[in-house]
Amino acid sequence: MIDIAPPLRLRLDRDALVANWRWLAAASGRAACGAAIKADGYGLGAREMMRHLAAAGCRDFFVATWAEAAALMPLPAGVSLSVLHGVGASDMVAARLLPTRPVLNSVEQVARWREAGEGRPCDVMVDTGMSRLGLRVEEALGGALGGLTIETLLSHLASADEESVQNARQLAAFRALREAIPARRYSLSNSAGICLGADYAFDLTRPGIALYGGTPRAEAAGHIRQVAFPEARVLQVRTVRAGESVGYGATWTAPRDSRIAVVNLGYADGYLRCHAGTGAATFGAAALPLVGRVSMDLTAFDADDAGAVGEGDWLALGYDLPATAAASGLSQYELLTGLGRRFARIWS
Ligand SMILES: *Cc1c(COP(=O)(O)O)cnc(C)c1O
């Protein structure tokens, strides 16, 4: 077999991941702290996320689809997995075969689950203000859930990352649901919801982005550590003379004779064009600002202050999530989920 070096590396820090989960678990008070690992663990690798978090004590995991659930089989011992999109007509075979629970999202899904007739436990999502997935409150209170064995009753906060009156409204609606609908556990908060305080935690929290290094609200700043560190390789270092331009559209012109490091990274890897103007990499202690436009597979960085950098060297991309989101206009979520398949995911 030919041994081909990966063109890009995504360094993943297990200790940071576990430290983030522990902080979120402590902030969840008496509630258990689960983990949202949908979209392949926010692009970082769901299987490894589950393995490391389960080893740290996390017991409750959430994916979006049945294909995501199937890819995680067999589950580690003692772990529970829920499928957030519930059961469509074509999902029932997977739902019967896999040791997971659907999160039922509509009256139709409830009927489908009941018809399957096995009485197996399920989770249920009730919409308290997101208008995305979930039964309406009046449907849930009006008897639509009778006869189900509900493991976890869920709702999802729409504005937890903001100071919004909607948070207290959703909290009140969820408390009323808890009084009326029997379930073994109740779960409301994502990462930002955990930061709203113990009132919002109920029995189980479901953080995603903060596990992976995102800062959902100011309360988490200074506590959440960066988990994902993308690195790209230098293909060549070239001299660009004063007055010459770099890249498509000639959007950057060298103000002086410059050394430019061209790296094997581009928007096909999820490093999008909106990083132009603010993106940067580092080589050791030296900073290399992005110059010109990002291409599909190539990006240029000004290497004037990185005297030693040369072909084959690895540059670390600036990828602190809150700072990079603020600079690029992308959300912290998009910064992670966009990272492409050419990155080798490497744990340390
Ligand atoms: C994605 C998701 C979460 C996790 O949200 P974060 O903002 O990433 O913490 C929790 N609950 C549900 C229903 C989700 O879809």
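Let's start with the ligand: 14 residues surround it, and the closest are K38, Y42, S191, I209 and Y333. To count as near, a residue needs a heavy atom within 4 Å of the molecule. Before we go on, this is a predicted model, where local features need pLDDT of at least 70 and side-chain atom pairs need 80 or more, while totals for chains, interfaces and linings use all residues. Residues are numbered from 1 along each chain as its sequence is written, and side-chain values use heavy atoms, with hydrogens and water left out.

Now the polar contacts, meaning pairs of N or O atoms within 3.5 Å. An oxygen atom of the ligand is 2.8 Å from a backbone N or O atom of G208, and for I209 a backbone N or O atom is also 2.8 Å from a ligand oxygen. The side chain of H156 has an N or O atom 3.4 Å from a ligand nitrogen. On its own the ligand has 390 Å² of accessible area (Shrake-Rupley method, 1.4 Å probe), and the protein covers 93% of that.

Next, helix α8. Residues 165-180 form this DSSP run (H or I, at least four residues, numbered from the N terminus). Which residues of α8 are buried, meaning under 20% relative accessible area with a 1.4 Å probe, protein chains only? They are Q166, N167, Q170, L171, F174 and L177. Down the helix axis, they fall within an arc of 135 degrees, taken from directions to the C-beta atoms, so they line one face. The face turned away carries V165, R169 and E179, which are exposed, or over 50%.

How values were computed:
Helices (H or I, at least four residues) and strands (E, at least two) are DSSP runs, numbered from the N terminus. The expected span of a helix is 1.5 Å times one less than its number of residues. A polar contact is a pair of N or O atoms within 3.5 Å; within protein, one must be able to donate a hydrogen and the other to accept it, and residues adjacent in sequence count only if both atoms are side-chain atoms.
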